[in-house]
Amino acid sequence: MKVSSMLRQQHALIALLATLVLIALGIGLSSWQFVVVVALAKGLAALGLVLLLRCGLVSFGQGLYYCAGAYAVGMAMSYLGIRDLVPLLLLATVSAALIAALLGVLLSRYRDIFFAILTLAFTMILYGLLIRNPVLGGSDGFNVLSPGFFLLADGALSRRTMFIITAVVVGVSIWAVQRYLATPMGRLGPAMKDNEIRVEYLGASARRNIFWNYTLAGALAGLGGGLTSFSIGHIDPDLAFWTTSGEFLFIAILGGTRNAYAPFLGAIALELIRSLAFQYVPNAWQIVIGVSMLVIIIFLPGGLISIARLWLRSSARGG
Amino acid sequence: MLMLPAAMIDGIMYAAWLFLVAVGLTLIYGVMKILNLAHGAFYTLGAYVAATFVGFWLAGDYNPYYSYLLLLLAGVIGGLILGVVVERGILRRFYKEDQVVLLLVTYAIFLILEDVVKMIWGVEPYIISQPYGLLGSFNIGLLYYPNYNFVILGAAILSGVGLALFLKFTRPGKLLRVVIHDREISMALGINVQRYFLVTFVAGSILAALGGALTAPTISVAPEIGVEVIVLAFAVIVIGGLGSLPGAALGALIVGLVRSFAVHYFPEVELFSIYAVMAVVLIVRPMGLFAAAEPRKI
Amino acid sequence: MSESIVLISARNLRKQFGAVFAARDITVDIHAHSVSGLIGTNGAGKTTFVNMLTGYLKPDQGQIFFDGQEITGRPPREITRMGIARSFQIPQLFDSLTAVENVETALGIVGKPLDQAQEILARFELTQFAGSLAGILPEGVRKLLDIALAMVADPRVLLLDEPTSGVDSSEKFEIMDRIMKIVREAEVTAMFVEHDMEVVRRYSDRVLAFYDGAILAAGSPEEVMQDEKVLEYIIGRPLRAPLAQEGAHA
């Protein structure tokens, strides 16, 4: 099909461009590298959340997978001696995905507030397990060493290289999710949110669709958690505390749920807001975030991406 | 062999505290169908106001026995003002949104209030332990319990019974029960549901603040106390059934006993056990053990 | 009609809701390519019957066969995939999507290429509404869109739940004409629940009259609509004389 292959190329092209721009910016503004890397990692978790939000489901439990991915990396390094970045990230993603698949079987039967509360319960269960577990560091967590990457020796990964790797991983993820959202399965989300009964009557299984979205969301969050563990160098059970999931939720809402770029826009915007708030009103940065959330809900329910799209469209038209 | 009665008494005391803290949350959900995440911030604020009042009082060398009155006053005044300000100022603009958006709105309010607390009182913890120790303690064999626990127990029982009587026998209480059961029918009956929202929210806020105020003497009052309390309160009301008063009591008892037994016998699973029970109840019986309102079938 | 094969076979269906008997021992055969009208007062069991056929309800007792296979109690999505589709009394659409996106969603689920959407809209004469949000479309258009979605899967059986309810009486026949034309072209076996006797008379070649959970009468429209029991319980008899002649007081 000509049209769909054109779209596919378009997706790849745009994702590639975005990644290159990001890398260029990062190299140029090196002081921002660390902040942006963490933001991008959180953006991955928020991207997973976007998949669920499109189906009409709010999860307070993405932190569970973020934390699982981070701890998978940490544990693999300490106990299995794996130091190379690629297998570590794979491990983070896959272990998070497995947990998500397991819980997804159960959670795909719930909706609305019960889904939200159940996801909250599960992430707090992980928190409870980790915090009292001295083997995994208890409430202090533990430190994560710097990984190696192919030919680069362990620990030789510079901040800049880490940034580039993160940008590439994110770029690939965006491309993959954009393509997914163009498939019949990916397009089903908004329809399910509108009218799940009709979806069933057209022959699709809403439960199965939610299951896959949930598993994918968990995988993305796990990947983000893995990336975070390298960048920050330390992981602790707070990653599973409900407020972490709350932050992902905020990022998703700030960015919007329109496409796969939106949560990253939200994540970077959040870091910007946070930095500015710290600078000017250090005691009130949570107020700034809370107020921003309310403002977005009232005035810009489509998130920042809706502004971005309007701007892109008008400049394409001939501004 | 002293473990078992110790665990049970601890469990009941903790359950009383849980009930006090959670009952406002379930009331608000029952009437307004809003899961109020800001509840944790109201609790925190109550604790801080109490710390301030009692702090001044004790510094002024007045009769320390009046500090208990101050605790109550702190809870009521703090909850009243905050409840009115939040409901009128912010919450009511979002009533037309769906449940999950409202959840996010209350989360935003929670964040805002957390910083408000930090701005007013700073980040250093406040300690007002005198009311806690003042009443002395009692012994059961080798076990030693501060008598202050009875204040919490008493407050829990009073608020529970008081609310139950109010809902069952007073006219506004009965109307509230109609609203809890089915909002559309109550509107069709001419009940001014929005006015009841304000009253309910304020009542819930007062109860939360009261919980914080009465807890203040037993802890070190710091900005973070709200985030943990809110999930515990969630667990309690979910287990008991969202919107159900007897459910909150049962949920509190279950969580209290489970936690207490965990602490005494398997301390590693303390937190895990509470949320595990919550998850199990949600899976097996999502409406909770005492479902308050029947789900409407289309 | 060369085909007189039985496509759907219901045997001894029973369904009770508390004290209400929505289906008492219903046994009926639906033949391929037939158009059956289901009539009856409210609560007589027509919609319950449709719901059991499409998997929304599971009968307490009894069986339903479709093309030889048992479909009793299977979930709606399985039954749809087997070839029985339905439309709804209150149109069930994706309100925040446009009309064409609604059809594309259905196409995507069934696995057909999305560019067929415009063609499908054209068949139902809905092309002008393609880019409008389904939520704001007029009721008649929503009804047609609802049916269009059901037809996307090329079903062998189409169940229409009150296709003309809520539609202006002047438009009823136009809409039914459109629907029936498509139904006949696609050689679909159709069943529709309907209250308007004119519509039933005009478009069905078989009528099933429901009352109190049972089928009171079944046959051609003429037979059923003159049946004594049907007249008594469902349709009603014409008045004997105009009131004025009886010398009524003011």
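This text looks at how chain A meets chain C and then at two residues of chain C with an unusual backbone angle. The model is a predicted one, and every value given here was computed from it.

We begin where the two chains meet, with 14 residues of chain A in contact with 18 residues of chain C. On the side of chain A that touches chain C, the elements that give two or more residues are α7 (184-194) and α8 (196-201) of chain A, and of the elements on that side α7(A) gives the most, with 5 residues. Sorted by class, this side of chain A has 7 nonpolar residues, together with 3 polar and 4 charged ones.

We turn next to the backbone of chain C. Most residues other than glycine have a negative phi. Against that background, Asp25(C) deserves a look, as its phi is positive, at about 55 degrees, although this residue is not a glycine. Asp25(C) sits in strand β2 of chain C, which covers residues 20-31. Because Asp25(C) has 14 C-beta neighbours inside 10 Å, it counts as partly exposed.

A positive phi is also found at Asp154(C), which is likewise not a glycine and has a value of about 50 degrees. Asp154(C) is placed in a loop of chain C, the one between α5 (139-151) and β7 (157-161). Is Asp154(C) buried or exposed? With 11 C-beta neighbours inside 10 Å, Asp154(C) counts as exposed, because the limit for that class is 12 or fewer.

Notes:
Residues numbered from 1 in each chain as written. Chains lettered and ligands numbered in written order. Predicted model: local features only at pLDDT ≥ 70, side-chain atom pairs only at ≥ 80, totals over all residues. Contact = placed C-beta atoms within 7 Å. Helix = DSSP H or I, 4+ residues; strand = E, 2+ residues; numbered from the N terminus. Nonpolar A, V, L, I, M, F, W, Y, C, P; charged D, E, K, R; others polar. Buried ≥ 20, exposed ≤ 12 C-beta atoms within 10 Å, placed from the backbone.
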